[in-house]
Amino acid sequence: MKYRVDFIPFSEVHDLAPDEKIRYILSKVMRNTILVLESGLTHSEELNLIEKTMGKIDYDDFFGVKLFSFDAGNDFKWTKLFGKGSKNKIFTIVAPNEAVSVTKDERGILSIRIND
Amino acid sequence: MSWRLWLRSKPKSINLGFYGEVNAGKTTLANKIGRDWANQEVGIVSEIPHETRNIQKLEKVNFATSGTKLDLTLIDMPGIASSVNPSDFIKHGLSASEAMERAKEATRGIVEAIKYLENVDVALVIIDATRTPFDQVNFTILGNLEHQKKPFILVPNKIDLPESNVRIVRDAFENYTVIPVSALQGDGIEALYDKIAEMAKRVR
């Protein structure tokens, strides 16, 4: 299986209503895309994503998502990734469950292993 | 007795919700509390993930500690996860059809647990202290409880096991109330009871 990684800038999703944002994320993830969202999800959006994900699981091709929100800290500069300024310091990774293993260790290092 | 005095002497009714990831020991802890205060258990414990797939309740649990009397309803929630794969159950010896049925029930249970969050007065968020605590589900549950202004206690469980690491849980969640326990052995349970009594006072 080949997976694609999309870096989604704030401008892509900030006009979407909450449910539209979740639908947008799920539609991409279900097409084997790993998303890095500049506009990190709030905890209530995360819970909404989990709830909506349950309704999409088909127990055949799609088994759910892995998600991880990461507080990048005040020193992180999104301009390095997205080429424009952003005040947001929390980003979220959402991936097909089978696509990645995501771990964070005691030192705060976030490791993403993309499976074959 | 006047109705004011009667109201004051009546134990406060509290819905105590047990939240957390799959196989963190939610039902084991709910059973321990149920046995201690009502001589009853809440549910069945199993090594197979998603054993609790429906919300299970034990009502009329007369709890009294630290001078506080409570009428608890223990609400054991299905474990919250962002994925469900039947093959995980097959690895535990279930047949393909049993695994599929369990997976479907598990997904429904997760939705049920999420929707029930608003009905909980005090939450215990149980974390398996033998695993690294950085699963996003833990942060998601805690963040939502905070957002809804629900009192909660973070409960690292399984501290009787040598591989448990309470320090890493405390470090990861340094701003929260953390009470480590072994639901199986009863270690730390008195401290948890005192804290439940304290948290219940915050409920109107």
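Reader: What is B:L70 in contact with, leaving aside its neighbours within four places in sequence?

Author: In this predicted model, B:L70 is in contact with B:P11, B:K12, B:I14, B:F63 and B:A200. B:L70 itself has its place in strand β3 of chain B, residues 68–76.

Reader: Why does B:L70 count as buried?

Author: A residue is buried if 20 or more other C-beta atoms lie within 10 Å of its own. B:L70 has 23 C-beta neighbours inside 10 Å, so B:L70 counts as buried.

Reader: Where is B:N144 in relation to B:L70?

Author: The two are 74 residues apart along the chain, and their C-alpha atoms are separated by 25 Å. B:N144 belongs to α5(B), where it is one of the residues that meet α3(A).

Reader: Why are α3(A) and α5(B) called oblique to each other?

Author: The axes of α3 of chain A (residues 43–56) and α5 of chain B (residues 136–147) cross at roughly 120°. Angles of 65 to 115 degrees count as roughly perpendicular and those over 145 as roughly antiparallel. The crossing angle of roughly 120° falls in neither range, and the two helices are therefore oblique. Their axes come within 8 Å, and the crossing is left-handed.

Reader: Which residues meet there?

Author: From α3(A) come A:H43, A:S44, A:E46 and A:L47; from α5(B) come B:Q136, B:T140, B:G143, B:N144 and B:H147. By class, this contact has one nonpolar, seven polar and one charged residues.

Reader: How many residues does each chain give to the contact between the chains?

Author: Chain A gives 20 residues and chain B gives 20 residues. On the side of chain A, the largest share, eight residues, comes from α3(A).

Conventions
Residues numbered from 1 in each chain as written. Chains lettered and ligands numbered in written order. Predicted model: local features only at pLDDT ≥ 70, side-chain atom pairs only at ≥ 80, totals over all residues. Axes fitted to C-alpha atoms, helices over the stretch in contact; angles between N-to-C directions. Helix = DSSP H or I, 4+ residues; strand = E, 2+ residues; numbered from the N terminus. Parallel < 35°, antiparallel > 145°, perpendicular 65-115°, else oblique. Left-handed = near helix turned anticlockwise from the far one by under 90°. Contact = placed C-beta atoms within 7 Å. Nonpolar A, V, L, I, M, F, W, Y, C, P; charged D, E, K, R; others polar. Buried ≥ 20, exposed ≤ 12 C-beta atoms within 10 Å, placed from the backbone.
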